[in-house]
Amino acid sequence: MKYVLLIYNNPATYASWSDEERDALGGEVDGIMTELTESGELVGGEALADASNAKTVRVRSGVPAVTDGPFAEAKEQLAGYLIVDCETTDRAVEIATRWPDARYFAMEVRPLMDTAGAEM
Amino acid sequence: MSTSAAVDDLLRRLAPQVLGRLVRRYRQFDAAEDAVQEALLAAAVQWPEAGIPDNPRGWLITVAVRRLTDQVRSDRSRRRREAMAAALSPADELVAAGPSEQRSAHRDDTLLLLFLCCHPALTPASQVALTLRAVGGLTTAQIASAFLVPEATMAQRISRAKQQIKAAGAASDRPPQVEWPNRVQAVLHVLYLIFNEGYTATAGPDLQRRELTREAIRLTRAVHALLPGDGEVAGLLALMLLTDARRPARTRPDGSLVPLAEQDRSKWSQGPIEEGIALITRSLERAVIGPYQLQAAIAAVHAEAARAEDTDWPQILALYQLLERVSPNPMVTLNHAVAVAMVGGPREGLELLAGLDTDHRVAGHHRLDAVRAHLLEMTGDRAAARAGYQRAARRTTSLPERRYLESRAAALSGEGT
């Protein structure tokens with residue numbers, strides 16, 4: 001089963017850390033990525049640019065409205081994602097638990113929809 | 001069949017025998033697989049031009065052993081080179097064997113290779129990948145595309161599986177006879193997983209995934225030829241044939257799912273149905289009964305009904321009762337409840353389902369909601385049925401199932417509620 005692990009964090013908190021702290025967290029992430037690559041569970045993943053670079057698009061009555069970036073009140077924003085193919089939900093949750101952002105912010109584990117299906 | 005198609009066909013049949021033989025002899029799964037791949041490639045290039053040799057299997061073994069020897073020679077590690085060179089024997093020794101000895105050796109080679117690929121030290125995903133690669137002869141790219149993962153991910157999964165086999169010290173060791181039934185079970189389970197992966201794929205983007213169904217049937221057929229007296233192997237083959245026969249009717253052109261009761265049965269493939277029924281009939285008469293045979297028997301009863309309303313539900317119910325005894329699990333109970341409802345009315349089916357609410361293996365599963373909704377619909381409780389279908393639609397992780405369940409819910413929303 002494939003899962004997307006959504007990584008949430010707070011850029012302000014992140015920016016307040018020292019280089020050493022950030023390197024340590026980066027090392028943890030590298031370790032997990034190596035493990036997932038070697039186990040054949042890693043399907044993909046990307047880091048997202050800061051939400052201030054975002055555009056929000058809405059079309060109402062056929063009229064597009066494009067607004068800049070983040071919602072100011074949002075403290076935690078979507079910072080990236082990875083897609084893993086795991087035997088069980090427990091395993092996907094375990095990976096999320098070890099991802100450093102889970103300790104400071106949050107990780108969200110969501111199954112991906114499959115295009116296959118059984119008739120009933 | 002064109003020459004090159006005939007060559008491809010022959011190579012895919014011989015590949016597991018050749019690999020099995022090399023692995024058994026040299027105990028180096030990785031190196032043996034590389035060597036066999038090179039030998040297969042050489043054959044695929046040379047045979048269509050030069051003709052198929054008199055002893056194609058011997059030809060492949062000879063070439064593969066030569067490649068393996070070359071590989072050992074070029075190996076940088078001196079120690080490993082020496083150790084392995086000592087173990088290598090001339091290819092003639094492997095190729096030459098008396099006819100009767102040869103037959104049973106081929107049988108063993110393929111079976112042992114399957115046992116190895118479905119080794120209990122591996123995860124199901126790795127067992128599936130390795131079986132398709134080493135026994136099925138599919139390329140890593142084909143397997144990756146069938147499972148919708150990048151090729152690098154699949155390559156890594158296969159290479160990890162080989163390492164795990166090595167670490168478990170399993171390479172080429174012949175399991176003691178007492179373990180065979182369990183090892184055959186493991187192989188059948190992997191073949192069943194491969195089949196389902198292909199069968200549940202819907203139209204359109206999933207074409208490559210559907211190839212898995214054909215591959216699973218081909219491999220199960222091969223195992224059946226190796227173990228003709230094993231009723232469960234025959235049962236699984238029959239189950240696959242009878243299930244796959246419904247494929248032309250199970251989806252609409254737009255990919256949406258058609259439930260069994262609403263399928264256009266004139267679209268079912270008659271050839272596989274006849275073969276499946278013959279297989280399961282023969283096996284039930286002679287072999288020790290098991291879950292695959294019972295599921296095949298149930299599929300056969302469905303296949304024999306010209307119209308859904310002609311279905312012999314009492315017989316299906318009796319088979320589910322047996323299946324619950326032989327292989328109790330909540331998914332069996334779900335289907336059993338439908339049979340109970342068809343024979344004794346929906347209330348009786350709902351009572352059976354109630355017991356599953358406390359079973360952590362299925363509580364919260366969309367199939368439980370969907371079956372309950374179906375039985376509630378039979379009782380006439382449209383509102384509860386609709387809520388059940390909606391809950392099931394939210395819980396499934398399959399797009400076509402969600403669409404089907406949403407449409408069932410929508411059909412109950414109009415008049416009558």
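**Exercise 1. In this predicted model, work out whether A:Ser61 is buried or exposed, then say where A:Ser61 is found and what stands out about its phi.**

Step 1: count neighbours. A:Ser61 has 4 other C-beta atoms within 10 Å, and a residue with 12 or fewer counts as exposed, so A:Ser61 is exposed.

Step 2: place it. A:Ser61 sits in the loop between β3 (55–60) and β4 (63–68) of chain A.

Step 3: check the backbone. Most residues other than glycine have a negative phi. A:Ser61 isn't a glycine, yet its phi is positive, near 50°.

**Exercise 2. Now do the chain B counterpart: where is B:Leu148, what is its phi, and how is B:Leu148 classed by its C-beta neighbours?**

Step 1: find the spot. B:Leu148 belongs to the loop between α8 (140–146) and α9 (151–167) of chain B.

Step 2: read phi. For B:Leu148 the value is about 55°, positive although the residue is not a glycine.

Step 3: count neighbours. There are 18 other C-beta atoms within 10 Å of B:Leu148; buried needs 20 or more and exposed needs 12 or fewer, so B:Leu148 is partly exposed.

**Exercise 3. Describe the make-up of chain A: which elements does it have, in what pattern along the sequence, and what is its radius of gyration?**

Step 1: list the elements. Chain A has four helices and six strands.

Step 2: walk along the sequence. The pattern reads β-α-α-β-β-β-β-α-α-β.

Step 3: look at the dimensions. The C-alpha trace spans about 55 × 45 × 20 Å along its principal axes. The radius of gyration is 17 Å, whereas a compact globule of 120 residues would come out near 14 Å.

Step 4: check burial and contacts. Of the 120 residues in chain A, 19% are buried. Take the contacts with a separation of 6 or more: 77% of them join residues 24 or more positions apart.

**Exercise 4. Repeat the bookkeeping for chain B: how many helices and strands are there, and what percentage of residues count as buried?**

Step 1: list the elements. Chain B has 21 helices and zero strands.

Step 2: check burial. Here 44% of the 417 residues count as buried.

Step 3: look at contacts. Among chain B contacts with a separation of 6 or more, 61% are between residues 24 or more positions apart.

**Exercise 5. Take helix α10 (residues 180–199) of chain B and test whether its end-to-end distance fits its length; then work out how α10(B) is oriented relative to α12(B).**

Step 1: compare spans. With 20 residues at 1.5 Å a residue, α10(B) should span 28 Å, and its end C-alpha atoms are 28 Å apart, so the two agree.

Step 2: see what's buried. Among the buried residues of α10(B) are B:Val184, B:Val187, B:Leu188, B:Leu191, B:Ile194 and B:Phe195, along with B:Glu197.

Step 3: get the angle. The axes of α10(B) and helix α12 (residues 231–244) come within 11 Å and cross at roughly 0°. Angles under 35 degrees count as roughly parallel, and therefore these two helices are roughly parallel to each other.

Step 4: name the contact. α10(B) brings B:Leu188, B:Leu191, B:Tyr192, B:Phe195 and B:Tyr199, while α12(B) brings residues including B:Val233, B:Leu236 and B:Met240. By type, the contact has eight nonpolar residues, one polar and two charged.

**Exercise 6. Turn to the contact between the chains: how many residues does each chain give, and which element supplies the largest share on the chain A side?**

Step 1: count. Chain A gives 18 residues and chain B gives 26.

Step 2: assign the chain A side to elements. α2 (19–38) and β2 (42–47) each supply at least two residues. The largest share, three residues, comes from β2(A).

Step 3: sort by type. That side of chain A holds seven nonpolar, six polar and five charged residues.

**Exercise 7. Zoom in on B:Ser398: which residues does B:Ser398 touch, and is A:Ala116 buried or exposed?**

Step 1: place B:Ser398. This residue is in the loop between α20 (382–395) and α21 (399–411) of chain B. With 19 C-beta neighbours inside 10 Å, B:Ser398 counts as partly exposed.

Step 2: list its partners. Leaving out residues up to four places away in sequence, B:Ser398 touches A:Met113, A:Asp114, A:Ala116 and A:Gly117.

Step 3: follow up on A:Ala116. A:Ala116 lies in the segment after β6 (106–111) of chain A. It has 20 other C-beta atoms within 10 Å, and 20 or more means buried, so A:Ala116 is buried.

Definitions and conventions: Residues numbered from 1 in each chain as written. Chains lettered and ligands numbered in written order. Predicted model: local features only at pLDDT ≥ 70, side-chain atom pairs only at ≥ 80, totals over all residues. Expected span 1.5 Å × (residues − 1). Rg over C-alpha atoms; globule rule 2.2 N^0.38 Å. Contact = placed C-beta atoms within 7 Å. Nonpolar A, V, L, I, M, F, W, Y, C, P; charged D, E, K, R; others polar. Axes fitted to C-alpha atoms, helices over the stretch in contact; angles between N-to-C directions. Parallel < 35°, antiparallel > 145°, perpendicular 65-115°, else oblique.
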